[in-house]
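Okay, everyone, thanks for coming. I'd like to walk you through one structure today, so let's get it up on the screen.

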Amino acid sequence: MAIGLIMSAMNIGGHHEVAGAAHGAGQGASAHGSEHAPIWLRRLFASLWQSNVFFLGISAVGTVFVAIHTVAYAGWSIMVRRIAEAFSAWILPGGVILLLVFFASGHNLFHWRTEGIMEPGSANYDAIIAGKAGFLNIGFYVGRMVAFIAIWWFFSKRLRDLSLQEDQLGGTGFWDKSINVSAMFLVLYAVTSSISAWDWVMSIDTHWFSTMFGWYVFASWWVSGIAGILLTAIYLKQAGYLRFLNANHLHDLGKLMFGFSIFWTYVWFSQFMLIWYANLPEEAVYFNQRLGGFDGKYTWLFFFNLIINFAFPFLVLMTRDAKRQIIMLKIVATAVLIGHWLDFYMMIMPGTLQGDSGFIIEIGTGLVFLGGFLLLMTKRLSQASLVPVNHPFVEESVHHTT
Amino acid sequence: MTKRYALGIFEDEDVLLHAIENVRAAGVKIYDVFSPYPVHGIDDALGIERSRLPIAAFFYGLCGLSFALWMQIYMLGFDWPMIIGGKPHISLPSFIPVAFELTVLFCCHGMVITFYTISGLYPRMKVPVMDVRSTDDKFVMAIELKEGTDMGNLTQLLRSNGASEVNEKEMTKE
């Protein structure tokens, strides 16, 4: 665990420098932008937002994972439960950063925050955006943001506390309670994850809307979260912890990653095909920008997104043997994490930066967030037993076979 | 053709699993084991190889996919081109749903047909039952009795591994 901490600390240190250097380079390149902030600053805001939304989502997915497996009375996953619990360590800091970036970025991130955009008679007036004023106004928006983070944080803490008390005292009472807590959390999460996707990602393209978007963002978070849990489990296993974790547990996690990669593709395609087929200008503009807009800047990414997030996991993890081999799972889980980070890049960058986005600042910021996430996650992981020893299903998990 | 079997009746699945291992370790070939419900780990204990059905399924799926794409491209692109929604005659995104469905259809039917064929199953087939209690609460291990097999030794082996009774049965197969 100490190695993990040192490694992630080194991560942060090393990549701060990378990001710092990148900012320097960006500063030199900033040329225009009288109305907006300089390009490097807009890029920084956009990349902070992108990486933060990505890691915050993964963080919440840890608790969703625990909650789903609790209400389903699932026994096999007890072996990785503590990893999923530890993921939620990032919810609170991530939420604070989200708020800070939201206030600091002004209208650089969200077009609907432009001065006077909702006031008739103003030079910036936009009737369509003004029509969304009831939902997209700062008070309600920030209120929702705080409420969502608070809900996710509260239920993560509650589930974690119940599990820790169970470690100390034993008995099935804590587990019984955590079923109720999980069920409540899942209902709330279903609503909050969907609305947070509209708020944090879809409202960037303020004119545009898609009814599939909540699911789309959730699918991306969820499959990344599973890949994260899988990678952490493999890392711990190879470092000599989690002795009872065997190929059967990894097989099941691999199945989940395989299945939800397909699920993500299904949602992605459902959104794409309806918009493509109906070809309504106000909807199609979203894919116009991404497929050929800005001199084809995002075209390669558009197709690469599908290859790395669908074709690659689908073809590689199809056989049973691949899902039971650590090296295959490692490669695919890493690819899925990078792929879905790029997926969020695709959702956020064209709307905020148009053609000005790059990769150096963005990757640097992503790595800083990765370092921060790993730091808090490994710290929380080291605070309790890696296996909830008094969980009623722990025996079942040890003897799990697929 | 008539064959004779020694039937070891077991009451408990754990006892059965250990018995399978010990009987195989003693060099006796087990014909089959009948249980009222699927027992975890019994495939490994019996040394049954994994089915290669998934590989066949992959190729059935590939066939379905190719067929669906060929069908749509040929029909809508060459045989009877129609303009639908102002899209090109051959527009891949609109072919995906049908391609997906036909992949699944070919895959499922191919798998079911292959499974029935290789398992020798067919409708209204008469299944010989070794011991009717294996459909209720008992586990039955069947060992084929070849000529010269010592029934006494076998009984001893099964008994010592937890069989509650050992019977002998003749089965006639067409």
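Let's begin with one pair of residues: B:Phe10 sits opposite B:Phe139, which belongs to strand 3 of chain B. Keep in mind that this is a predicted model.

That pair leads us to two strands. Strand 1 and strand 3 of chain B run antiparallel, and 7 bridges pair them. If you're new to this, strands of a sheet pair through backbone hydrogen bonds, and the pairing can be parallel or antiparallel.

Now, what else does strand 1 of chain B pair with over 8 bridges? That's strand 4 of chain B, again antiparallel. To find a spot there, look for B:Lys3, whose bridge partner in strand 4 is B:Met171.

Over to strand 2 of chain B: 3 bridges link it to strand 3, residues 139-145, and these two are antiparallel as well. Here B:Asp32 faces B:Ala142 of strand 3.

Put that together and you get an open sheet of 4 strands in chain B, ordered 2-3-1-4, with antiparallel pairing. Which strands stand at the edges? They're strand 2 (32-34) and strand 4 (165-172) of chain B; each has a single partner strand, so one side of each has no neighbour in the sheet. From one strand to the next, the twist averages 30°.

There's a helix on this sheet too. Helix 5 of chain B, residues 151-160, packs on it and touches strands 1, 3 and 4. The helix direction makes about 125° with that of strand 4.

Last stop, where the chains meet: 7 residues from chain A and 6 residues from chain B make the contact. On the chain A side, 5 are nonpolar, 2 are polar and none are charged.

Notes
Residues numbered from 1 in each chain as written. Chains lettered and ligands numbered in written order. Predicted model: local features only at pLDDT ≥ 70, side-chain atom pairs only at ≥ 80, totals over all residues. Pairing = 2+ DSSP bridges. Axes fitted to C-alpha atoms, helices over the stretch in contact; angles between N-to-C directions. Contact = placed C-beta atoms within 7 Å. Nonpolar A, V, L, I, M, F, W, Y, C, P; charged D, E, K, R; others polar.
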